[in-house]
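Student: Could you take me on a close look at the pockets in this one, and then at whatever sits around them? I'd like one connected walk-through rather than a list.

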Amino acid sequence: MSFIIQNDVVSEGDTVILFLSVNSVHAVEVCPTVIGKHGHPIDNKFQSPYGPIRVMDLVGTKYGSKVNFPNGWGYILQPTCELWTKTLPHRTQIIYTPDISLILMGLDLKPGCIVYEAGTGSGSLSHAITRTIQPTGHLYTFDFHEQRVELARDDFQKHGLHQWVSVEHRDVISDGFPNFGKEADGVFLDLPSPWEVVSHVQRTLKRGGKLCTFSPCIEQVQKTCEALKKTQCFIMIKTQEVLQRPLSVQSKTINSIDFTRIQPVKGVKMEPINRNPIKFRSLLAPLQIPGHTGYLTFATFVPLQSI
């Protein structure tokens with residue numbers, strides 16, 4: 001199974017998406033058994049609000065078709081990077097699709113690009129980068145947490161992305177990026193102190209390469225921008241924030257009041273005449289919108305001389 005090459009029907013070993021509702025979407029691995037809470041293999045069953053189903057019964061089911069539960073139904077969907085971001089197990093705080101889209105655009109990624117990522121985390125962004133740069137590009141991603149590295153490597157293998165991504169246990173802040181003999185087209189940093197990695201980025205990026213950092217606090221952004229400007233090797237430094245403002249179409253009804261047929265009489269209070277209520281559709285903004293996630297700082301590497 002691959003997130004890149006789609007199949008018509010579910011096979012054993014696939015990761016599938018079970019869509020029950022807009023707010024209930026789940027990633028399920030199609031395998032006979034899973035490890036239970038007591039550490040022993042048990043029959044793989046998916047528990048839903050509509051009752052349980054045996055996961056292996058999904059084998060042979062056509063993607064996009066309806067799946068019946070004991071007390072309801074859902075749909076079985078092909079896995080995509082966007083659906084994986086919605087359903088993946090959170091080993092860390094993850095980057096979501098709105099920020100991911102801006103990162104991919106800001107780094108100017110396309111098939112064939114070489115990308116270095118510091119801060120693999122749960123692999124949400126890594127999946128999207130890999131899909132963008134395949135089939136001739138490669139992602140080198142690093143994380144200081146060894147267990148997260150092993151889990152991410154296992155995910156890439158299961159999802160058919162391993163040939164385009166290499167994950168390594170490494171503290172980039174102290175050790176920098178390894179030399180793979182390939183200059184990077186883009187570097188992404190999701191680190192607590194990205195300004196400490198600027199010198200390592202200079203030795204990794206090719207001329208004209210792009211850097212992007214993700215920082216939740218504005219103080220981190222200030223220190224990063226100061227470090228970038230100090231090198232005199234980065235231009236077009238800018239920071240952006242993605243805030244979604246969803247709009248919804250709703251039916252509304254208002255009462256129409258008509259004063260035109262009333263003749264004013266001195267000393268008599270005018271009473272309006274009610275017409276039939278008017279129904280219409282309106283585009284409404286929510287009372288509250290999702291808040292801040294993080295600041296994205298972009299810069300282009302144009303060295304004055306060899307680093």
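Tutor: Let's start with what a pocket means here: on a 1 Å grid over the protein atoms alone, it is an open set of points with protein on both sides within 12 Å along at least five of seven lines. Keep in mind that this is a predicted model.

With that in hand, the largest pocket comes out at a volume of about 590 Å³. It has 31 lining residues, and those closest to its centre are T92, Q93, G119, D190 and L191. If you want to find the pocket by secondary structure, go to β9 (114-118), α3, β10 and α5 (172-175), the elements that give two or more residues to its lining. By class, that lining holds 14 nonpolar, ten polar and seven charged residues.

Now move on to the second largest pocket, with a volume of about 290 Å³. Here 16 residues make up the lining, and E29, W84, P89, D155 and K158 lie nearest the centre. Two or more lining residues come from each of β2 (24-29), α1 and α4 (146-158). Of these, α4 gives the most, with four residues. Sorted by class, the lining of this second pocket has seven nonpolar, four polar and five charged residues.

α1 is a handy bridge to the next stop, helix α2 (residues 97-106). The buried residues of α2 pack against α1 (81-87), and also against α3 (124-133), β12 (184-189), β13 (205-215), β14 (234-240) and β19 (295-301). Which residues are those? In α2, D99, I100, L102, I103 and L104 are buried, so an aspartate is in that set along with isoleucines and leucines. Just past the helix, α2 is followed by D108, which has a positive phi, near 55°.

Follow α3 next, since it turned up both in the lining of the largest pocket and among the partners of α2. In the loop between α3 and β10 (138-143) you'll find P135. The peptide bond joining Q134 and P135 is cis, with omega at about 10°.

Another α2 partner, β14, is worth a stop for its backbone. M236 is found in strand β14, and its phi is positive, about 55°, although M236 is not a glycine. M236 counts as exposed because its relative accessibility is 62%, and the exposed class starts over 50%. Q232, in the loop between α7 (218-231) and β14, also isn't a glycine and has a positive phi, of about 60°. With a relative accessible area of 58%, Q232 is therefore exposed too.

Last, the cysteines. A search of the whole structure finds zero disulfides. For C81, the nearest cysteine sulfur is that of C113, 16 Å away, whereas a disulfide needs the two sulfurs within 2.5 Å. C81 is in α1 (81-87), the helix that also helps line the second largest pocket. C81 has a relative accessible area of 4%, so it is buried. C31 counts as buried as well, because its relative accessibility is 16%, and the cut-off for buried is under 20%.

How values were computed: Residues are numbered from 1 along each chain as its sequence is written. This is a predicted model: local features need pLDDT of at least 70, side-chain atom pairs count only at pLDDT 80 or more; totals for chains, interfaces and linings use all residues. Side-chain values use heavy atoms; hydrogens and water are left out. Buried means under 20% relative accessible area, exposed over 50%, partly exposed in between (1.4 Å probe, protein chains only). Contact means heavy atoms within 4.5 Å. On a 1 Å grid over the protein atoms alone, a cavity is a set of points where a 1.4 Å probe fits but cannot get out, and a pocket is an open set with protein on both sides within 12 Å along at least five of seven lines; lining residues have an atom within 4 Å of a point. Grid points are joined across faces, edges and corners, and a volume is the space filled by probe spheres set on the points. Ala, Val, Leu, Ile, Met, Phe, Trp, Tyr, Cys and Pro count as nonpolar, Asp, Glu, Lys and Arg as charged, and the others, Gly among them, as polar.
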